[in-house]
Amino acid sequence: MNLATSTTTPRHGLMPLNSSSAVSSLRRSLFASLRKISPLTPMASAPTSAALSTTAPADNGAAKPAEMQPVQVAKRLEKFKTTIFTQMSMLAVKHGAINLGQGFPNFDGPDFVKEAAIKAINAGKNQYARGYGVPELNSAVAERFLKDSGLQVDPDKEVTVTSGCTEAIAATILGLINPGDEVILFAPFYDSYEATLSMAGADVKAITLRPPDFAVPLEELKAVVSKNTRAIMINTPHNPTGKMFTREELEFIADLCKENDVLLFTDEVYDKLAFEADHISMASIPGMYDRTVTLNSLGKTFSLTGWKIGWAIAPPHLTWGVRQAHSFLTFATCTPMQSAAAAALRAPESYFEELRRDYGAKKALLVDGLEAAGFVVYPSSGTYFVMADHTPFGFDNDVEFCEYLIREVGVVAIPPSVFYLNPEDGKNLVRFTFCKDDDTLQAAVDRMKAKLRRK
């Protein structure tokens, strides 16, 4: 396997920009930069009063400006502005910066998987698939889950194929969470969790994971979980910190779920990118399968993020709700790509071993470079992200630092304050990704070592 061959960029990230007064103050300089390069930025900074320009014919037939119309959005989505990934990428293009922000590889997936997709297309597998997945993929998901977790599931009754893990998350939340239900997240968190919970009308609470090890504050969590809690959502390995939940943490969370009759949603898309410890699936903890929805996807493991193939594994009584929502979100997922995904999941174990080895080398290249440039880098046991402390360089917050990094250094990173309910919790941090070819990583490291100076 060669993880450093091409430079395609098929995917963009989706991280919301929080609208609280605290985060707004952090982002003024970023918005100012964006106004210079994008006519759409007013929607990012003031959605309730921003306007869209239209034209109407004048009496003489020439076009004239029509009245400006305010953009419209449902109240439940008002707080979710133009994504931070979109904003940072716009600045990256303007300044010719190397993008270590967005979590997509700039190299292609394996040939044997792409060839399986072509074969499926040529074989005529191009019409609607069975709503919850083509049989060969459902079976392959079940087989992979048995190898990884030791749990045997029914591919027809307990596996639901979705259009990426983000849709699996949405179907799970919209299918199992009612308005007013309390759901607990661990901050920092993947953006779609809060946005989808908002669409479901949930009451969102967050437990903050703090550096250096981002350990779960067990007693704080215990004080928050109650009979009013409907679900807890975890992500292991964890984006954006690279943390892997330990067995002790998982068992503690499991006990709280069982004591309080709480559901558990677990996002495990980075399960094959576990470096320092073996991945543990929450569903495998005794007594947890019947209350757990396990979410996963093809994209991260096979560098095919643009295919958007995901799945949810759950017992039949929870699968029912997931499938009800899925039926009215996308109904079915791309047919030929499902056939190719089945081939991918049946890859020999050597593929996954080589994947971890290659990404481990990339992580070492980036971490060593960041430390040499002056960052305090926190441990990353999984995913293809690392978090670092930018405060040695003298900036007040993450947005100011990331803007400077783009403008003056020529490297893109992500300001993680957008991943917290309280943005202040993330203002000293910055997230980098290492899912890039070695030349790209080295060029970014060289720029930072040459241009960054500790204060």
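Here a colleague asks a modeller about the terms used for this predicted model.

Colleague: Why is histidine 326 called buried?

Modeller: Histidine 326 has a relative accessible area of 1%. Buried means under 20%, so at 1% histidine 326 counts as buried. Histidine 326 sits in helix α12, residues 316-329.

Colleague: What makes the pair formed by the side chain of histidine 326 and the backbone oxygen of valine 161 a polar contact?

Modeller: A polar atom of that side chain lies 3.4 Å from the backbone oxygen of valine 161. The cut-off for a pair of N or O atoms is within 3.5 Å, so the 3.4 Å distance meets it.

Colleague: Let's turn to the strands. How do you know that β7 pairs with β8?

Modeller: Pairing needs at least two bridges, and six bridges join β7 to β8 (residues 203-208), so they pair. The two strands run parallel, and alanine 187 stands opposite threonine 208 in β8. Between them the chain passes through helix α8 (residues 191-200), in a β-α-β crossover that is right-handed.

Colleague: And what makes β9 a partner of β7?

Modeller: Three bridges join β7 to β9 (residues 229-235), again with parallel strands. At least two are needed, so β9 pairs with β7 as well. Here valine 183 has alanine 231 as its bridge partner.

Colleague: Why do you say that both faces of β7 are covered?

Modeller: In a regular strand the side chains alternate between the two faces of the sheet. On one side of β7 are Glu182, Ile184 and Phe186, on the other Val183, Leu185 and Ala187, and all are buried. For the strand as a whole, residues 182-187, that is six of six residues.

Colleague: Which class has nine residues in the lining of the second largest pocket?

Modeller: The charged class has nine, beside four nonpolar residues and one polar residue. Asp, Glu, Lys and Arg count as charged. Of the 14 lining residues, Asp271, Lys272, Asp278, His279 and Arg356 lie nearest the centre. Helices α6 (135-149) and α14 (349-373) each give two or more residues to the lining, and the pocket holds about 250 Å³ of space.

Colleague: Last one: what makes the link at the start of α15 a polar contact?

Modeller: A side-chain oxygen of asparagine 397 reaches to within 3.1 Å of the backbone nitrogen of valine 399. With a limit of 3.5 Å, that O and N pair therefore qualifies. Just after α15 (residues 398-409), glycine 410 takes a positive phi of about 85 degrees.

Terms used
Residues numbered from 1 in each chain as written. Predicted model: local features only at pLDDT ≥ 70, side-chain atom pairs only at ≥ 80, totals over all residues. Heavy atoms only, no water. Buried < 20%, exposed > 50% of the residue type's maximum accessible area, 1.4 Å probe, protein only. Helix = DSSP H or I, 4+ residues; strand = E, 2+ residues; numbered from the N terminus. Right-handed = clockwise from strand over helix to strand, strands pointing away. 1 Å grid on protein atoms, 1.4 Å probe; cavity = no way out; pocket = protein on both sides within 12 Å on 5 of 7 lines; lining within 4 Å. Points joined across faces, edges and corners; volume = space filled by probe spheres on them. Polar contact = N/O pair within 3.5 Å; in protein donor to acceptor, adjacent residues only side chain to side chain.
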